[in-house]
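Open the model in your viewer and switch to a cartoon view. The stops below say what to select next and what is there.

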Amino acid sequence: MVAIVSTVAYLGLEARGVEVQCNLVAGVPAFVMVGLADKAVGESRERVRGAIAAIGLALPPKRITVNLSPADLPKEGVRLTFCQPIS
């Protein structure tokens with residue numbers, strides 16, 4: 001299953017479109033992020049888990065891959081965290 005949420009990343013004063021693509025597949029449970037994310041975005045895995053647990057839900061026991069596209073655009077800050085649990 002693939003879900004896609006659109007957002008933006010800022011490069012100076014220019015806003016560029018970013019797609020947050022989430023894919024759940026059978027396999028060893030894991031939460032993997034790809035797509036040139038900085039440390040704050042990479043740490044969002046724990047914020048997503050905490051937010052989902054806070055509302056009484058749990059992540060499915062599957063392999064979760066979050067792709068931040070386009071891969072060549074640096075993604076920074078925590079604004080992309082909100083898009084991950086939505087997708």
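Start with valine 32, which stands opposite threonine 65 in β4. The model you are looking at is predicted.

Now widen the selection to the two strands around this pair. Residues 30-34 form β3, and residues 63-69 form β4. The two strands run parallel and are joined by five bridges.

Next, add β2, residues 14-25. β2 is joined to β4 by seven bridges, and this pair runs antiparallel. To find one position along it, select glutamate 19, which has serine 69 of β4 opposite.

Keep β4 selected and show its side chains. Which residues of β4 lie on its covered face, and which on its uncovered one? Ile64, Val66 and Leu68 make up the covered face. Arg63, Thr65, Asn67 and Ser69 are on the uncovered face. Thr65, the partner of valine 32 at the start of the tour, is therefore a residue of the uncovered face.Move on to helix α2, residues 44-54. Ser44, Val48 and Ile52 are buried here. They lie on the same side of α2, because the arc they cover around the axis is only 75°. An α-helix has 3.6 residues a turn, so residues three or four places apart point the same way. Turn to the face of α2 that looks away from the buried side, and select Glu46, Ala53 and Ala54, which are exposed. Just past the helix, pick glycine 56, which follows α2 and has a positive phi, near 85°.

Now select the largest nonpolar core, which has eleven residues. From the stops so far, it includes Val48 and Ile52, along with Ile64, Val66 and Leu68. The other members to add are Val20, Cys22, Leu24, Phe31, Met33 and Val41. At least two residues of this core come from each of β2, β3, α2 and β4.

Finally, clear the selection and look at the whole chain. How many helices and strands does the protein chain have? There are three helices and four strands, and from the N terminus on they run β-β-β-α-α-β-α. Of the contacts in the chain with a separation of 6 or more, 71% are between residues 24 or more positions apart.

Switch to a surface view for the last stop. The protein chain exposes about 5,200 Å², and 62% of this comes from carbon and sulfur atoms. Of its 87 residues, 30% count as buried.

Definitions and conventions. Residues numbered from 1 in each chain as written. Predicted model: local features only at pLDDT ≥ 70, side-chain atom pairs only at ≥ 80, totals over all residues. Heavy atoms only, no water. Buried < 20%, exposed > 50% of the residue type's maximum accessible area, 1.4 Å probe, protein only. Arc of directions from axis to C-beta. Contact = heavy atoms within 4.5 Å. Areas by Shrake-Rupley, 256 points an atom, 1.4 Å probe, with all protein chains shown as cover. Core = buried A, V, L, I, M, F, W, Y, C linked by side-chain atoms within 4.5 Å. Pairing = 2+ DSSP bridges.
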